[in-house]
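Morning, everyone. I have one structure to go through today, so please look at the screen while I talk.

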Amino acid sequence: MTGRVQDRARERKYAGFRLAGVEPDGAFSGYASLFDTVDLGKDMVVRGAFARSIRDRGAAGIRMLYQHDPAEPIGVWTELREDTRGLFVRGQLAKNVVRAREVLSLMRAGALDGLSIGFRAVKASNDAKT
């Protein structure tokens, strides 16, 4: 340890992003996480996993970042909510930000097929069989 305060590790997981569509102004919506489905990181998210964060922070309190880099915000979340299927998101890319325009172009071309979410697990368990 170098004298710095160590922050709890933040997990980063890729989730197949179910994109519903991209609007001309850079607005988009879809599912960022599906419940009861094993993701590429071999994690499964259960109902209620996001409820407290959404309630406490709201969409405006959760940043939309490029590659989890706090120095590269690319837009804002306008809606985050859990439903029976998973974490539904609606966002708006900031079209005056170069990286956001690149992301928008890639989304329109179908080159982006996933979304990576950052989180801290409050409660987790391992399945010994899997």
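Start with helix H2, residues 98-109, in what is a predicted model. H2 has twelve residues, and from its first C-alpha to its last it reaches 17 Å. At 1.5 Å a residue one would expect 16 Å, so the value is close to that, going by an expected span of 1.5 Å times one less than the number of residues. Which residues of H2 are buried? They are Ala100, Val103, Leu104 and Met107. These four cover an arc of only 100 degrees around the axis, which puts them on the same side of H2. After the helix comes Gly110, and its phi is positive, near 80 degrees.

Now the whole chain, for orientation. The protein chain has two helices and seven strands. Read from the N terminus, the order is β-β-β-α-β-β-β-α-β. The chain has 130 residues, and 27% of them are buried. If you take contacts between residues at least 6 apart in sequence, 56% of them join residues at least 24 apart.

Next, strand E6, residues 86-93. Is E6 mostly covered or mostly uncovered? It is mostly covered, with six of its eight residues buried. E6 has strand E3, residues 27-34, as a partner: the two run antiparallel and are joined by seven bridges. One pair to find on the screen is Tyr31 with its bridge partner in E6, Phe88. Strand E5, residues 73-82, is also joined to E6 by seven bridges, and this pair runs antiparallel too. Here you can look for Leu80, whose bridge partner in E6 is Val89. The connection from E5 to E6 is a hairpin, through three residues.

A closer look at one residue of E3, namely Ala27. Why does Ala27 count as buried? Its relative accessibility is 16%, and buried means under 20%, so Ala27 qualifies. Ala27 and Gln92 are 65 residues apart along the chain, yet their C-alpha atoms are separated by 4.3 Å. Leaving out residues up to four places away in sequence, Ala27 touches Gly21, Val22, Gly91 and Gln92.

On to the core. In soluble globular proteins, nonpolar side chains tend to be buried together. The largest nonpolar core in this model has 20 residues, and those touching the most other members are Phe50, Trp77 and Leu93. Two or more residues each come from E3, E5, E6, H2 and strand E7, which is 114-119. Which element gives the largest share? That is H2, with four residues.

Leu93 shows how some of these parts meet. Not counting residues up to four places away in sequence, its contacts include Ala100, Val103, Leu104 and Met107. Those are the buried residues of H2 that I listed at the start. Leu93 also touches others, among them Phe28, Met64 and Ile74.

Last, how confident the predictor is. The average pLDDT of the protein chain is 83, and 84% of the residues score at least 70. Among the elements, E5 has the highest mean pLDDT, 96, while strand E1, residues 11-16, has the lowest, 54. Over residues 1-8 the pLDDT is below 50, and beyond near neighbours in sequence that stretch has three contacts in the model.

That is what I had.

Note on methods
Residues are numbered from 1 along each chain as its sequence is written. Side-chain values use heavy atoms; hydrogens and water are left out. Buried means under 20% relative accessible area, exposed over 50%, partly exposed in between (1.4 Å probe, protein chains only). The arc is that of the directions from the helix axis to the C-beta atoms. Two strands pair if DSSP finds at least two bridges between them. pLDDT is the predictor's confidence in each residue, from 0 to 100. Contact means heavy atoms within 4.5 Å. A nonpolar core is a set of buried Ala, Val, Leu, Ile, Met, Phe, Trp, Tyr and Cys residues joined through side-chain atoms within 4.5 Å.
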